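Work through the exercises below with the sequence and the coordinates at hand. Each task is followed by a solution in steps.

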Amino acid sequence: MKVRFTVNDKPVSAEVEPRTTLSLCLRDHLRLTGTHVGCEHGVCGACTVIIDGEAVRSCLTLAVQVEGRSITTVEGLAHGEDLSPLQASFRRHNALQCGFCTPGMLTTAHALLTEEPHADEARVREVLSGNLCRCTGYIPIVHAVLDARVAYGGPAWTGEAHAHHGDGEQR
Amino acid sequence: MGERAPDLLPESAADGRPFVGRPVQRVEDLRLLRGRGRYADDVALPGMLHAAMLRSSVAHARLRGIDASAALALPGVHAVITGADVARACGGAVPRVPLRLQPLECMEPYRQPAIVADRVRHVGEVLAVVVADSLAIAEDALERIEVDLETLPAVADWRSADSGDCLLFDGTQTNRGVTFRATRGDAAAAFASAAHVQRERFSMQRQAPVTMEARGVVAEWLADGERIVVHGAAKVPFFNRRACASMLGIDASKMDFLEGDTGGSFGARGEFYVEDFLVPFAARHLGRTIKWISDRREDLMTMAQSRESEAELEMAFAADGTILGVRGTAWCDLGAYPRTNGLIQPRNIPQFLTGPYRIAAVDIASHVLFTNKGPAGTYRAPGRFETALFCERLLERGAQALGLDPVQVRRRNLLTAADMPWHFADCSPSAPPSSGQTETDSGDYLELYERCLAEFDWVARQARQGRQPDGRYHGIGSACFIEGGAAGPRENARIELAGDGRIRLIVGSTSVGQGLETSLGQIAADALGVPMSAIDMLHGSTNLLAEGFGSYHSRSTVMGGSAIVDAAGKFKAALRELAATYLECLPEQVELAGTEARSPRGRAMSFAELARHESIGVDGSFANHHHTYAYGAACAHVAVDPRTGHVELLDYLVVEDVGRAINPLLVHGQLIGGTVQGMGGVCLEQMVYDGDGQMLTGTLADYLLPTSTDYPRIRGLTFEAYPSPINPIGAKGAGEGGTIVVGAVMVNAIAAALREFGVNPVSLPLSPSRLWETIEAARSTVK
């Protein structure tokens, strides 16, 4: 069956089966492979996309459910070749290592900050707790999201960025 | 103090400051942040078919037959491949997975067959491979396959395995595959002269590495030349190509293993698994390109599990707290097969139990036992996470028994610069290139422990322990560690001047998500005296170099980086030689400035101009038979609620000296990330198998990983006081240290918090329910 929707401001259509998940439709039918599938049971959050402003697990959503809806994936967060302020903040804070969970972290955080640019650390941690990361220990991700709030009209971050080096010079 | 490593290079980056040592933002991020990475499942090739694995639902059985006729009748199914098919095509027997590390001859009967031929040994073992037009059809077909299994009693724990009542492998007399023994000095004499002997029995649960990207393989069949290109390779592509080609009975030159982006390794992803043979086998069988991607349940069942062990150990002390010796026995449950690197945890336990301490007498045996559970391999800090906990708990309890402050006992026994190099206990048996002998390279472990205590404000916090008004109990703990790195035998790098004047750098190290392109790019840019942007880096894949060794044992920066430094020296010599001809001067008179060559008389040619005359390609290498030893310490401050068993981490500090931090941003990320990963193993994670060998933790809702709300307060500090004298960069392998020490420091902190209950945490995980039970048991004993 045919499904029509908008992805990253572009109208698209795909021929899918009723059982085709949105994640599969995005990745295989539309070749938008930035959306990653980490568990297929809604726990890890890697496949999170934004549907009409709301962060949603694309592995638990059927493609046919998004008929007429507007979807943003990680590929649509930046305009042109520049990184978005959130992406640039992730890079600055070393908030990714292997990068597999990153698309879901970015879409979740983007949806949060768009709605709640003043989200505090506890709120950011709470919202990100549905996204698993095995590399970073989450601390740099939380810092990156807090530091990106200003680009969404929220407060500037005053936390210390990289106080991690024991001594400036070799002895 | 400390010796300074030789300078990396006289010339530095274009702006005059070297890249090495700077927190350069990662090159990789530009693609990964925009969804442009290329992971295994992102590979889509024309005409590609899809594979699904039929896996055993029982742990131990004899296979009597497989009837695939109904599956084959399903439209869209191309093949159902069974063990009989594989045996027929491979000279009569199903090929078996080789051991990559410690390939001991005694492991021969225990090696894993690529597919079940006659006997199932764990839940999840592959019985058949279905290949179909789509994954959905392949999965539908799995349900139509009839399997006739004669169920056998499962050997679900190491004790039943050790009893030998049920032998898992024909032609063997025992399920005990091998016993490693580490010895140093005269342990019997040390214990005979001891003022106090501390004895403990420890147990460690089975854990899963859980890379966020599950495993996957795309085997591309090239009819022209009958070649197979395997996409989705990681970690050790050159070894994996050799293994696969040998199992297929073809020449390695008929295959390539290509590395893309890798969603984490932690020691497990990228090792050679049976699917890495079965998918290329199916591709050749059908003459088609085939994709297989593991789902999460398959991944939990089949990616190498690790850590499950028990140990009965004793530590001998003099009255002043000097540790005289350690001895005892460990039993490691490796599950069904030894896997490519499964012997590393059991062999590391006896050798590295002494950690950073000056312990002269050692006698420890470590038994490898096979059971009907998922096969084990390495997981970040193999054998080191375990032994740090064992050693530190023995030390802490021994000190208390002697009426001494455990901090003082650490101070008395930590290795200092005057002790270097310190020889660890020799471990045998050992298969080449490992000799079973190793020694520290440099450092002052005591000095860094003191620094950790000072940064943590240890003395002031001591007063704040015990019961608080909210009913919780505070405690602080500390522990020290060493981290081995830089495994040999060697690594290779090649540097080329491309036709457009750009520099092409190829290295045999692989990227497993650690920022390799950035850190090695920094080393290369400094070594060549050019900006990082002038270099295009390629790595890992077998079509790039004749030989590469990849990323394991925290080796890629030291080994790959040192090979790059070697190649860069040769490349600059070749550039001077070439430029001299056109600049009309002697090669040694040529000055290389950025991407330009200049003569003494002021003539200059850009690399691009030189490249028009001639191309350059040089090979560099770095061989090493010694290991680097980064080292450090950690302190934790916890609050434990005895009513629920919940542990809140109030503060945590980990410090590590890595010799030289190529990129402090990346090293720090490894330290913090490794700590949280280890914290999961302390408090949350456990692969549970029942008495029938059934895996009960088959989803990420059952196997609990740390989330963003669990451990918000973790600090790390990196030091570079003692560069490694055994490589030109001065770096020591790092990235596992945070994980190694976390179990040790957490049990010490929790024990300190619960001191008045007499709780002695000696088995993991310390989940709330387990800890609550321990507290209750201790309370009833006190009453």
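## Exercise 1: the interface

Between chain A and chain B the count is six salt bridges, a salt bridge being a side-chain nitrogen of Lys or Arg within 4 Å of a carboxyl oxygen of Asp or Glu. The model is predicted: local features need pLDDT of at least 70 and side-chain atom pairs count only at pLDDT 80 or more, whereas totals for chains, interfaces and linings use all residues. Residues are numbered from 1 along each chain as its sequence is written, chains are lettered from A and ligands numbered from 1 in the order in which they are written, and side-chain values use heavy atoms, with hydrogens and water left out.

Task: describe the contact between chain A and chain B, from a single salt bridge to the buried area.

Solution.

Step 1. Take one salt bridge: A:Glu81 pairs with B:Arg36, and their closest N and O atoms are 3.2 Å apart.

Step 2. Add the polar contacts. The rule finds 26 residue pairs in polar contact across the interface, both residues at pLDDT 80 or more. A polar contact is a pair of N or O atoms within 3.5 Å; within protein, one must be able to donate a hydrogen and the other to accept it, and residues adjacent in sequence count only if both atoms are side-chain atoms.

Step 3. Locate the elements on chain A. Helices α2 (85–92), α3 (102–115) and α4 (121–128) each supply at least two residues of the side that touches chain B. Helices (H or I, at least four residues) and strands (E, at least two) are DSSP runs, numbered from the N terminus.

Step 4. Sort that side of chain A by class: 16 residues are nonpolar, 18 polar and 15 charged. Here Ala, Val, Leu, Ile, Met, Phe, Trp, Tyr, Cys and Pro count as nonpolar, Asp, Glu, Lys and Arg as charged, and the others, Gly among them, as polar.

Step 5. Give the totals. In contact (heavy atoms within 4.5 Å) are 49 residues of chain A and 67 residues of chain B. The buried area is about 5200 Å², with 53% from carbon and sulfur atoms; this is the accessible area (1.4 Å probe) that the two parts lose on being put together, summed over both.

## Exercise 2: a buried aspartate

Task: is B:Asp441 buried or exposed, and which residues is B:Asp441 in contact with?

Solution.

Step 1. B:Asp441 sits in the loop between β16 (426–428) and α13 (445–456) of chain B.

Step 2. Its relative accessible area is 10%, so B:Asp441 is buried. Buried means under 20% relative accessible area, exposed over 50%, and partly exposed in between (1.4 Å probe, protein chains only).

Step 3. The side chain of B:Asp441 makes a polar contact of 2.8 Å with the side chain of B:Ser724. A polar atom of the B:Asp441 side chain also lies 3.1 Å from the backbone nitrogen of B:Tyr629.

Step 4. Neighbours within four places in sequence aside, the contacts of B:Asp441 are B:His627, B:Thr628, B:Tyr629, B:Ser724, B:Pro725, B:Ile726 and B:Lys732.

Step 5. The loop between β16 and α13 also holds B:Pro433, which is joined to B:Pro432 by a cis peptide bond with omega of about 5°.

## Exercise 3: positive phi

Task: where are A:Asn94 and B:His553, and what is the phi of A:Asn94 and of B:His553?

Solution.

Step 1. A:Asn94 is in the loop between α2 and α3 of chain A, and its phi is near 55°. A:Asn94 counts as buried because its relative accessibility is 4%.

Step 2. B:His553 is in the loop between β21 (535–539) and α16 (556–583) of chain B, with phi near 50°. At 21% relative accessible area, B:His553 is partly exposed.

Step 3. A further positive phi, about 55°, is that of A:Arg31, just after α1 of chain A.

## Exercise 4: covered helices

Task: how many residues of α10 (344–352) of chain B are buried, and what do the buried residues of α1 of chain A pack against?

Solution.

Step 1. In α10 of chain B, nine of nine residues are buried, including B:Arg347 and B:Phe352.

Step 2. In α1 (22–29) of chain A, the buried residues include A:Leu22, A:Cys25 and A:Arg27.

Step 3. The buried residues of α1 pack against β1 (2–7), β2 (10–15), β3 (48–51) and β5 (70–72) of chain A.
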